[in-house]
Amino acid sequence: MTIRISAPSSANRGDVIELKAMIQHDMESGYRRDQYGRPITRDILKYFECHYNGEIVFRAELFPGIAANPFLSFYTTATESGTLLFRWIDQNGQTWEEQALLEVT
Amino acid sequence: MSGKQHASTLPGLRRRALLKGALAVTGAAYLPASIAAPEDVDAAVAELFGSRTPQPGKVTVKIPPISENGYSVPLSVKVDSPMTAQNHVVRIAVFAEENPIALVANFELGQRAGKASIQSRIRMGGSQRIRAVAEMSDGSLWSGYAFSIVTLAACVV
């Protein structure tokens with residue numbers, strides 16, 4: 001699972017910053033069929049969360065209508081220095097995480 | 001069925017039998033009962049938001065007018081909101097009326113978002129309207145939509 005995060009490393013207090021997160025995942029919709037006509041089982045990421053110093057600032061519930069290698073871009077207000085935690089949870093409960101440090105001046 | 005073009009080469013009865021046979025074959029082998037039919041968007045909206053009806057306005061949905069690849073269509077949703085503690089967006093739900101599951105994504109935001117703007121990439125199972133419904137902190141619902149012609153549809157069979 002390759003995860004790519006785009007977040008500023010520093011910001012002024014009160015700035016609205018853009019956060020971008022992408023993870024490598026097929027997001028198998030469950031509607032496709034293999035070469036023998038058998039349905040391919042659904043396998044998708046169900047949730048994405050962004051925690052800012054432990055507090056959830058953005059959450060997404062994902063469905064098969066989200067493209068493979070889900071990309072999400074959203075905003076948050078820089079309030080204090082700390083960590084941004086990005087977490088993906090798949091339909092079986094498996095999680096993937098990535099962190100970014102943010103310095104607020 | 002474009003039977004007319006071949007009318008001169010095949011006698012009527014035989015042609016009909018052939019067509020029936022062809023239908024039976026394609027029907028049985030390639031169109032299983034589980035084929036994904038589009039879901040009703042209004043029902044999906046009601047399931048998520050209850051009996052409240054969204055008013056048009058405040059929500060701007062952007063997708064390319066023509067999408068060559070329905071497997072990945074860039075989507076942008078912006079909601080006109082000051083994003084203060086008293087007045088902010090709490091949820092943005094995206095619906096695709098031609099997809100087997102109308103609800104594409106359900107984003108939860110808060111006053112800490114600073115800006116009610118999200119971007120993602122979605123799948124589109126055909127040319128259609130993409131609708132976004134935003135729920136405000138006061139409970140009101142607003143909606144907006146955009147249309148895209150999809151050349152290669154995604155994920156339906």
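Which residue in β7(B) is the bridge partner of L72(A)? Keep that one in mind for a moment, everyone, and thanks for coming. A quick caution before I go on: this is a predicted model.

The partner is S120(B), which sits in β7(B). That pair belongs to a junction between the chains, where β6(A) and strand β7 of chain B, residues 117-122, run antiparallel and are joined by 2 bridges.

Let's widen the view to the whole contact between the chains. On one side we have 24 residues of chain A, and they are in contact with 29 residues of chain B. Looking at the chain A side, the elements that give two or more residues are β5, residues 55-62, and β6, residues 71-77. The largest share of that side comes from β6(A), with 7 residues. As for its chemistry, the side of chain A that touches chain B divides into 15 nonpolar, 5 polar and 4 charged residues.

Now over to chain B, and to helix α2, residues 41-49. Here V41(B), A44(B) and V45(B) are buried. Why do they share a side of α2(B)? Because they cover an arc of only 100° around the axis. Turn to the other side of α2(B), and you find D42(B), A43(B) and E47(B) exposed. What covers the buried residues of this helix? The cover includes three strands of chain B: β5 (89-96), β6 (103-108) and β8 (128-136). Right after α2(B) comes G50(B), with a positive phi near 75°.

Staying in chain B, have a look at strand β2, residues 59-62. Its side chains alternate: V59(B) and V61(B) point to one face and are buried, whereas T60(B) and K62(B) point to the other and are not. That fits a general pattern, since in a regular strand the side chains alternate between the two faces of the sheet. β2(B) also has a partner, strand β4 of chain B, residues 73-79, and the two pair in the antiparallel sense over 4 bridges. Within that pairing, T60(B) stands opposite K78(B).

One last stop, back in chain A. G30(A) lies in the loop between β3 (16-23) and β4 (45-52). Is G30(A) buried, exposed or partly exposed? It is partly exposed, because 18 other C-beta atoms lie within 10 Å, and being buried would take 20 or more. Setting aside neighbours within four places in sequence, G30(A) is in contact with T41(A), R42(A) and P64(A). From G30(A) to A67(A) it is 37 residues in sequence and 13 Å in space, C-alpha to C-alpha.

That's my tour, and I'm happy to take questions!

Notes. Residues numbered from 1 in each chain as written. Chains lettered and ligands numbered in written order. Predicted model: local features only at pLDDT ≥ 70, side-chain atom pairs only at ≥ 80, totals over all residues. Buried ≥ 20, exposed ≤ 12 C-beta atoms within 10 Å, placed from the backbone. Arc of directions from axis to C-beta. Contact = placed C-beta atoms within 7 Å. Nonpolar A, V, L, I, M, F, W, Y, C, P; charged D, E, K, R; others polar. Pairing = 2+ DSSP bridges.
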